[in-house]
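Work through the exercises below with the sequence and the structure in view, and try each task before reading its solution.

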Amino acid sequence: MKEAMDNSLPLQLSHVRKSISIINRIYTLIHSTALTALLYYRVSFFFQNPETRSHTPSFPWLLVFSGELILSFIWLLGQAYRWRYVTRTSFPERLPDDKHLPAIDVIICTADPKREPTFGVMNTVISAMALDYPPEKLHVYVSDDGGSSVTLYGMKEAWAFARLWLPFCCTHGIKTRCPEVYFSGAEDDEDGELRANEFLEERQKIKIEFELFRERVMKANENCGAGGDSINGDHPPIIEVIGEEEAEMPILVYVSREKRPSHPHHFKAGALNVMLRVSSMISNSPYILVLDCDMYCNDPSSARQAMCCHLDPKLSPSLAFVQFPQKFHNISSNDIYDSLIRSAFTTVWEGMDGLDGPVLSGTGFYMKRVALYGTSIQDDTNLTELRQTFGYSDEFIKSLSQKYKPNISNGHDSLAAILREAQILASCQFENQTKWGEEVGFLYHSVCEDVLTGYDLHCKGWTSVLCLPSKPQFLGSSITNLNDLLVQNTRCASGLVDIGISKFCPFLYGPLKTSFLQNICYAELSFFPFYFLPLWCFATIPQLCLFNGIPLYPEVSSSFFVVFAFIFLSALSKHLWEVMSTGGSIRTWSNEQRIWMIKSVTSYLYGSLDAIMKRFGMRKASFSPTNKVSDSDRVKLYQMGKFDFRISKAVLTSMVTLVVLNMVAFIAGVARVIVFGNWEKLLMQVLLSLHILIMGSPVLEGMIVRKDKGRIPYSITLFSVVLAMVILTFGSVVLLY
């Protein structure tokens, strides 16, 4: 009776947040009306009497108008996220018995033991092995794109420790299953004082083994850093299965795909496609969990949470993946770099969940394997077509059938045969003249392979959902210095613009393939790096005009002054409301505003230029993994809430020059208002420069006040002052005369 009742209950429920959706729609209507009035004001200028227009040069007016058009257009695209917010609740206790649960392959990606310390990677591996899921249905793969022997050594050590750690977690109901976090005391959910002495004794024994495990792996990593091992970009495929004979433990598989300098390897997307093929030979689980090497499993229930969506009869037929948000364990209370990425996982992802689903986010997602195989595995597809699509491996083509169940425990000969075939699938020539990366698997047209693949899946009719439990299911290491932040965002901006200027441009590729609002969301994602155009415009053109006493905005007495003031204050107030309603503070709001401006004039500019240059063949695509090694000096500055300006000289010079330019323009504007009294005409430009200076206060502090290692060098300050003077001099000539 109970079983029948459980089967009738839903595994998950979604709830539309109607009040927030209504507020957002009303705001969009009002703000759009104000923008229409602004555009009318700008256009009407060109139809005024020539004598009236003669006091204001047309060129700067046209540039500012263009910036306002671009900013308004990107803003309008972004309102699609806010149209229909959805939250979900899952009920793992209603899942069927363990024997009826589908198998899962976990894929953990790493590339460089020097930038991604092996010990941290192994903690992620162990936490994945310890998921609350039937061990015989869990298979953990590590993709080592660096081909480093220290990673393979670390996996063997991790396996040995996991033989002690997993039974300990299961026996005592341990919730924090990342051993490093558990033994550091960062998560104290085990009620240690209430435990029996036997538990405490066993815990101490496990801790001793953990310390020995740490010592061995870290020593191996140090030898790697000292030159004992190096990243090899020219090696054959290496595949090794660890623990295939242990029925009560998840198997662990090391994979390093073949790499040759003469063959493109397509970065992370290429590695994931190799893992997709290799795992099909060894386990062929219908679902795949992908994790970055630093994103450990913070809660063991994520697999069951995801299965509540994948096995839900209403969602399952069209559901491609379940996305969990990225959360981080090293966020400071001030979070000056917006490392929390609050906007993405509250505004963007929740909003898209109310449409066809959130974008694929690179890590923390449970993917349905068959969704990545495209439409090429229909029942009536012949063998020749399958070979042209997937390659000339009949064994892999057999695995396309959901009934195919490889068995590696039938003896050494059986495993050896499977591994031989897997090595063929991991070779760099296997994908030649196939549709891997083009129509099947993770797509190759952008370094943001996750966003592009998710978009293509949505265009093929698949959906996705966001799973947002109260406890973070995965925790990773966030960026704690400005240099890594700007490098990562430059790469991201380049990848997104790659999509926008390719055949996958949402304005061309998706209108007839996915819903209108979903497509608009992807359009905003693809083109939001172009924020650099209006922000560079607003940080320079009004200031040049202010320096020369030329108004670009309506007088205070004009009714259009209210329109401009309303648009500016409306945008800031709406952002503040979104921050406060998601648990943030005014400081969070100011940090997000500041870092958005910094990224727009630096990362988005260089990322967009990089994508355009790649498009015209002027440079090759490149990818460097984010540095996961902590620098104590940089971390200390981050915890203190101070910017670390040890970044590229070109990037730093552009930031400092803009701040100096606005400072000079502000001083000149205030002086002009005091002397000539024309404050009504120039007030808005004075306030704009003041706002930029307030947001740029960390730059001013780094130039003038600070004496620590993270300050702005005097040479950069001096060069930026000279450059700002040159811009003021020649810019005034070019723009105004």
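The exercises that follow go from the whole chain to two single residues.

This is a predicted model, in which local features need pLDDT of at least 70 and side-chain atom pairs count only at pLDDT 80 or more, while totals for chains, interfaces and linings use all residues. Residues are numbered from 1 along each chain as its sequence is written, and side-chain values use heavy atoms, with hydrogens and water left out.

**Exercise 1.** Determine how the radius of gyration of the protein chain stands against the value for a compact globule.

Solution. Begin with the rule, which is 2.2 Å times the number of residues to the power 0.38, the radius being taken over C-alpha atoms. For 737 residues this gives a value near 27 Å, and because the protein chain has 28 Å, the two agree. Then consider the box that the C-alpha atoms fill along the principal axes, which is roughly 90 × 60 × 60 Å.

**Exercise 2.** State what share of the residues in the protein chain is buried.

Solution. Take the cut-offs before the count: buried means under 20% relative accessible area, exposed over 50%, and partly exposed in between, with a 1.4 Å probe and protein chains only. Of the 737 residues, 56% are buried.

**Exercise 3.** Describe the phi angle and the surroundings of Phe267 and of Asp338.

Solution. Phe267, although not a glycine, has a positive phi of about 55 degrees, and it is partly exposed, with a relative accessible area of 21%. Asp338 likewise has a positive phi, near 50 degrees, without being a glycine, but Asp338 is buried, at 16%.
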